[in-house]
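Let's take a walk through a protein together, starting with the whole chain and ending at a single residue. Keep the picture in view as you read.

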Amino acid sequence: MDITETLRTAVHSNNYWKHSDFSSVMEVLSFHYEINIEMDTEKITALYLGNKTIGYICLNYPLIFIENQYALQVKNLLHSFHDIEYIIVNTLSNPYLSVNPDIYNAYFDFMENLNAFSAEDFYFYNVN
């Protein structure tokens, strides 16, 4: 699944995300899920339901990777945040995502294979 346009839309959409909307989103989600982010060092946080990671949320851009079975609930909780781009995946570990290197390399950290990566790969390459 090519996520180039989704990334492009996310990085160009909301200048206030990092400085205000991100914190508001974390507050809303924290009532239903566990979230752990070190704001000073991390650029992506994981979203947990119990011991299971169900998604990743970018600090710098309104972008959420979320597993399909949780996507509707998360979207409903965040309905008032209109600029969020969602990348809905079957599992976070399935390496079937791809992206144009020009858009990825301009905004995100180096990742080896941009033709077949998972949401998990995206997280690990961009977390710090």
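Buried residues make up 45% of the 128 residues in this chain, and keep in mind as you explore that the model is predicted. What about the part that meets the outside? The accessible surface comes to about 6,800 Å², and carbon and sulfur atoms account for 45% of that area.

Now step back to the overall form. Along its principal axes, the C-alpha trace spans about 35 × 30 × 25 Å. A compact globule with 128 residues would have a radius of gyration near 14 Å, and the chain, at 13 Å, agrees with that. The chain contains five helices and five strands, and if you read along the sequence you meet them in the pattern α-α-β-β-β-β-α-β-α-α. Parts that are distant in sequence also come together: take the contacts between residues at least 6 apart in sequence, and 47% of them join residues at least 24 apart.

Charge is worth a glance too. There are 5 positive and 16 negative side chains, and the centres of these two sets lie 3 Å apart.

Next, find helix α1, residues 4-13. Its buried residues are Thr4, Thr6, Leu7, Ala10 and Val11. Seen down the axis of α1, these fall within an arc of 165 degrees, so they line one face of the helix. They pack against β4 (63-67), β5 (85-89) and α4 (101-107).

Helix α2, residues 17-30, can be read in a similar way. Here Trp17, Phe22, Val25, Met26 and Leu29 are buried. Looking down the axis of α2, you would find its buried residues within an arc of 100 degrees, so they too line one face of their helix. The face turned away from that buried side carries the exposed residues His19 and Glu27. What do the buried residues of α2 pack against? Their partners are β1 (34-36), β2 (44-49), β3 (52-58) and α3 (68-77).

Finally, zoom in on Phe22, which lies in helix α2. Why does Phe22 count as buried? Its relative accessible area is 1%, and buried means under 20%. Leaving aside neighbours within four places in sequence, Phe22 is in contact with Trp17, Ile37, Met39, Thr45, Ile57, Cys58 and Leu59. For a sense of distance, look for Met1: Phe22 and Met1 are 21 residues apart in sequence, and their C-alpha atoms are 26 Å apart in space.

How values were computed
Residues are numbered from 1 along each chain as its sequence is written. This is a predicted model: local features need pLDDT of at least 70, side-chain atom pairs count only at pLDDT 80 or more; totals for chains, interfaces and linings use all residues. Side-chain values use heavy atoms; hydrogens and water are left out. Helices (H or I, at least four residues) and strands (E, at least two) are DSSP runs, numbered from the N terminus. The radius of gyration is taken over C-alpha atoms; the globule rule is 2.2 Å times the number of residues to the power 0.38. Buried means under 20% relative accessible area, exposed over 50%, partly exposed in between (1.4 Å probe, protein chains only). Contact means heavy atoms within 4.5 Å. Accessible areas come from the Shrake-Rupley method with a 1.4 Å probe; for residues, only the protein chains shown count as cover. Lys and Arg count as positive and Asp and Glu as negative; His and the chain ends are not counted. The place of a charge is taken as NZ of Lys, CZ of Arg, CG of Asp or CD of Glu. The arc is that of the directions from the helix axis to the C-beta atoms.
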